Amino acid sequence: MKKILIIQTAYIGDVILATPLIENLKNHFNDVSIDFLLRKGNESLLKNHPVINEVLIWDKKKDKNRGLWKLSKIIRKRKYDTVINLQRFLSSGLMVAFSGAKKVIGFDKNPMSFMFSDKLPHLIGEKIQTSFVHETQRNLSLLAPLGINNIEDHRPRLYPSLSDREKVAVYKEDDYICLAPTSVWYTKQFHKEGWVDFIKNLDFEGKIYLLGASSDFDACELIINEAAKSNVVNLTGKLNLLQSAALMEGALVNFVNDSAPMHLASSVNAPVCAIYCSTVPDFGFGPLSEFSKVVEVKEKLDCRPCGLHGYKTCPQKHFSCAKGIQTTQLLEVFEKAKAYHN
């Protein structure tokens with residue numbers, strides 16, 4: 001086994017949750033060369049990765065079909081021994097079905113799986129003994145056809161560089177916590193009033209850093225203005241993904257939604273509290289850090305979960321899955337985090 005290609009062209013969190021494959025392939029095949037194909041915008045995640053040989057980029061927003069055809073020709077020309085496709089959509093299926101690789105491995109839900117040499121089930125909400133299957137375990141199941149089984153370590157890993165760590169060093173001089181209040185999906189994010197009340201009631205003299213993209217700046221400014229506490233700092237748009245991970249790594253605890261920052265925390269084993277609103281941990285996308293806590297509404301709601309992914313608005317118009325979460329639940333996790341570090 002000399003050349004392997006991994007394909008994951010979905011979102012930030014999906015790429016992060018694919019990284020355990022990289023580590024385990026390298027451990028099993030010492031001299032293997034591993035390439036990774038992802039969507040444009042996510043390539044910075046694998047910058048400086050010590051195992052990846054090359055990152056192939058698919059610009060799905062610009063010339064999607066032309067890019068698909070171009071990448072398909074590149075993949076076939078490189079004569080990979082194995083192509084592992086984590087995507088369950090037709091486009092990626094076409095890429096690998098005609099790749100010419102000796103082994104083409106993917107999930108049976110892909111429309112082109114009938115042309116794969118090995119196809120495995122992708123089961124969401126299934127249990128192994130008493131625990132629900134995590135997405136990393138689902139991904140790692142694709143290594144079985146290569147003789148890699150019974151993998152115990154399935155935590156994702158990213159590698160912030162020295163310059164990434166130097167960039168955030170100025171923010172790490174005192175104790176701090178990080179909050180990532182936003183999400184692409186409205187129903188996946190804890191509501192603004194909840195964040196404000198948490199900050200107001202938090203007995204903490206250290207810094208409270210708000211993380212996110214530049215597009216999240218205004219939402220975080222509203223939280224800061226309403227919380228009216230001088231130790232809250234808006235860092236949205238100031239740090240790239242690996243720099244954010246480097247900052248989260250040193251935090252007392254990171255409060256996040258069921259979104260990409262949760263997986264960033266897992267990738268550097270940063271203490272994390274994941275707040276679940278419309279989705280549930282049973283889907284298999286929960287935090288994997290050594291200190292990982294989940295907060296969700298205690299009341300059983302007939303409408304929850306309302307889907308595998310979030311929505312732009314609450315389908316029931318009440319958003320009780322977020323508004324029913326109590327500030328005391330988050331404060332309890334903060335106290336547990338302090339005890340963990342002591």
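**Strand S5 and the cysteine pair**

In the predicted model, asparagine 85 has glycine 106 of strand S5 as its bridge partner. This contact belongs to a pairing in which strand S4, made up of residues 82-85, and S5 lie in the parallel sense and are joined over four bridges. The two strands are also linked through a helix, since S4, helix H4 (residues 90-97) and S5 together form a β-α-β unit that is right-handed. S5 pairs in addition with strand S6, which covers residues 118-120, and here three bridges connect strands that again run parallel. Within this second pairing, leucine 120 of S6 stands opposite phenylalanine 107. Strand S5 itself spans residues 103-107, and four of its five residues are buried, so the strand is largely enclosed by the rest of the structure.

The cysteines were examined next. A disulfide is a covalent bond between the sulfur atoms of two cysteines, and the structure contains zero disulfides. For cysteine 277, the closest cysteine sulfur is that of cysteine 321, but the distance is 5.4 Å, and the two atoms are therefore too far apart for a bond, given that a disulfide requires sulfur atoms within 2.5 Å. Seen from the other side, cysteine 321 likewise takes part in no disulfide, and its nearest cysteine sulfur is that of cysteine 277. As for their surroundings, cysteine 277 is buried, with a relative accessible area of 0%, while cysteine 321, at 9% relative accessibility, also counts as buried, because the cut-off for this class is under 20%.

Notes. Residues numbered from 1 in each chain as written. Predicted model: local features only at pLDDT ≥ 70, side-chain atom pairs only at ≥ 80, totals over all residues. Heavy atoms only, no water. Buried < 20%, exposed > 50% of the residue type's maximum accessible area, 1.4 Å probe, protein only. Pairing = 2+ DSSP bridges. Right-handed = clockwise from strand over helix to strand, strands pointing away.
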